[in-house]
Structures are given as C-alpha cells and as structure tokens.
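Work through the exercises below with the sequence and the three-dimensional structure open beside you. Try each task before you read its solution.

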Amino acid sequence: MGESSDSVSIDIDLIPLGGKECTVKTSKGSMSVLVCGDREKPALITYPDVALNYVSCFQGLLFCPEAASLLLHNFCIYHIDAPGHELGADVISSDEPLLCVDDLADQIAEVLDFFGLREVLCLGVTAGAYVLTLLAMKYKERVLGLILVSPICKSPSWTEWLYNKVLMNLLYFYGMCGVLKECLLQRYFSKELRCSVQGAESDIILTCRRLLDERQGLNVMRFLQAINARHDLTEGLKDLQCKTLIFAGESSPFHAESVYMSSKMNHKICALVEVQACGSLVTEEHPNSMITPLERFLMGFGYHRQTHAASSSSNGSNPASPTSHSCIAPELLSPESLGIKLKPIRTRVDVQI
C-alpha cells in the first residue's frame, strides 16, 4: 500500500502482541508502528500515555478474549508509539528538534499516508487521547470514531504544569528513578490497586514497573514536554463530527477533565462511561469494564464480536469497511444504551474488587 524500501524497516523478531514492527520515516522524525492483523481489514490506531507503549498500555485490554474477538476480528490494529517509546529505543539525539502536540498529530497523519489508510478509528489513553483528538480536529475526514480513555482536552493548570516540570527535571537528571516511577504509577492506577491490603504489589503494578525501567528517560521527557505545552481544545470539541466513546476512571487525576470534555461535545455522538475504583489506565486496571460499551459503540459502525458460528462460516472473509455499512440507530451511542446505572449524561460501570 504505497510502501517503499527506503522508508520502512520491518523486524521479524517476536513481538509481545504479535504482528510486525515497522519504523516509518516522517518529516518530523521516525515513528515505530506495530501492525497486528490483516491489512485488508479496516484500521484501528492506538496511541499510549506518557512513558507507556503499546505493550504497557493496551495488552490488558487485548488479552481479554472478548476484546480480542471484537477488535482483532474486525480490525487491523496499528499501534503507534510516541517517539522514542518503542521497545529497545535508543535515546533521541539532542540535535533532533523538540516536537509540539501538533507535530505529533501530523506525524500520525503521515503514518496513515504511508500505509494508505484513508479512514481510521482511534484508541488513545490520556496524553495519547489528546493527540488523537487533535488529529480528529485537524484531519476530520480521516477519523471515523474516537475511543478515549481518561482523556485530557484543556491546557494544563498551573498545578499540573509545575508538577510536570518537576517530573521533567527528575527525568533529565536521574532518568527513570524510583520517585519518578511512583509519580507515574499514581498517574496510571487507583490508590486501591497501588495500596493493596495484602501489602504485596499486584502483578499489574509489578509489570508496569518493569516496563517503565525499559524507557529512556530523556525520550519520556520530550513527550511530557510536548504535553505540558498543549493548547486548549475546548472550542473545537463542539465541531467534532466523529462518534466518540469516553472512558473515565473515577480515581484518575484527570477524571474531572474527562467529564468536562464529554460535556462540551455533541451528546448525540458522544457517550461517557465512568469506571469506579479505577485510575486513568482503564485498559490495564479494569479492561473487562470496557467490553460491553465498546461492543455497543462498534455496533454503530456495523461491527460485531466474532462468534464460533460466524467464524466457521466466514471462510476467511474480512469485515467490510465502515463506510459500506448502514449504521445502527444512533440510540446505540446514547448513554442509556451503554449500561444499567444511568445518569443524565453518563453511564457508570461498577467494578467488583
């Protein structure tokens, strides 16, 4: 699909989520993209939060059998990591210019061009959700839908700006030190998960710590610097035409901003799902809470979860492009269609812990 040998390299090494890892050269620098699935299928692109990559941000969701039967059956997934966040990344040269959030969104558009993707659905977490929302504003015709997990949309408050400055200083002088990792874990996960009554850390926390150890501190600093200089997207939210599903962990430090974001969007095409006892990283902490809302949301595009009967009778056929389906009634996107405990503009998902 328009690939050239001088603009991409493909590693055949085993990748944690399967697929092929590509390095795409863009005008803003190189991008790491993991391609999972049949590229004849419709495209779903992902973008993680600060200091995370596709493994640490999305494996919890994609390892759920129900999510796999829904997402991997219907889509070819393109996991796009922030610059320098891919597995085994080297430190980005200090000669490379610092990128702003608009540059990050433009990079993604160039990746779509490279793979010949005209229309995509997007899944992003917090900082990644911001970049994908900005992508949808700048390239309206290319983004069919947004799945945003604990998204942010406003300029950073003075408190957040100063806090991020402290983190950037830690990254610059000490790299991925213990204090820095603790700050990031507070960003990602709820206190309930981080402070287990048994005293021992959960497997999720231990795995995240190990994966954070693999990050290059200076690369993380560059991404955080871009996010800390982000601009307010509020005015553009009301003009977004793509269907949007927002998950907000109620213990996330960005919970209020995620609720605010949903309130500024067209309620006919946006639904908010709040997940109790969960931090920002719903994809890892409580991925099962995402299954039913995702299924209802994707039904609006004509996608359905794979069943045994369907898989045995499909003879290898691929799902059609979203534009070839007549969409299910818009009511499926309303908050009332996404759960049981309802509030005027949101659905609450209870999680047993």
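The exercises that follow deal with aromatic rings, charges, backbone angles and cysteines.

Residues are numbered from 1 along each chain as its sequence is written. The model is predicted, so to speak of local features a pLDDT of at least 70 is needed, side-chain atom pairs count only at pLDDT 80 or more, totals for chains, interfaces and linings use all residues, and side-chain values use heavy atoms, with hydrogens and water left out.

**Exercise 1. Classify the ring pair of Phe 75 and Tyr 303, and say where each residue lies.**

Step 1: A pair of aromatic rings is described by the distance of the centres and the angle of the planes. Rings of Phe, Tyr and Trp (its six-membered ring) pair if their centres lie within 6.5 Å, and planes under 30 degrees apart count as stacked, over 60 as edge-to-face and the rest as tilted. The structure holds 8 aromatic pairs.

Step 2: The centres of the rings of Phe 75 and Tyr 303 are 4.7 Å apart and their planes stand at 65°, so this pair is edge-to-face.

Step 3: Phe 75 belongs to the loop between helix H2 (65–74) and strand E5 (76–80), while Tyr 303 belongs to the loop between helix H13 (291–299) and helix H14 (308–313), so that the pair links distant parts of the chain, 228 residues apart. Helices (H or I, at least four residues) and strands (E, at least two) are DSSP runs, numbered from the N terminus.

Step 4: Phe 75 and Tyr 303 are both buried, where buried means under 20% relative accessible area, exposed over 50%, and partly exposed in between (1.4 Å probe, protein chains only).

**Exercise 2. Classify the pair of Phe 114 and Phe 115, and find the cluster to which these rings belong.**

Step 1: With centres 4.9 Å apart and planes at 85°, the rings of Phe 114 and Phe 115 form an edge-to-face pair.

Step 2: Both Phe 114 and Phe 115 are buried, and ring pairs link them with Tyr 78 into a cluster.

**Exercise 3. Which residue in helix H9 is buried yet has no salt bridge?**

Step 1: The residue is Arg 222, found in helix H9 (residues 217–228).

Step 2: A salt bridge is a side-chain nitrogen of Lys or Arg within 4 Å of a carboxyl oxygen of Asp or Glu, and in counting charges Lys and Arg are positive and Asp and Glu negative, with His and the chain ends not counted. For the buried Arg 222, the nearest side chain of opposite charge is Glu 96, 5.7 Å away.

Step 3: Apart from its neighbours within four places in sequence, Arg 222 is in contact (heavy atoms within 4.5 Å) with Ile 92, Ser 93, Glu 96, Pro 97 and Leu 98.

**Exercise 4. Describe the backbone angle and the surroundings of Ala 51 and of Thr 126.**

Step 1: Ala 51, which is not a glycine, has a positive phi near 70°, and this residue lies in the loop between strand E4 (43–47) and helix H1 (54–62).

Step 2: Thr 126 also has a positive phi, of about 50°, and is placed in the loop between strand E6 (120–125) and helix H4 (127–138).

Step 3: Ala 51 counts as buried at 0% relative accessibility, and Thr 126 counts as buried at 0% too.

**Exercise 5. How many disulfides does the structure hold?**

Step 1: A disulfide is a pair of cysteine sulfur atoms within 2.5 Å, and the structure holds 0 disulfides.

Step 2: Cys 153 is buried, with a relative accessible area of 0%, whereas Cys 195 is partly exposed at 44%.
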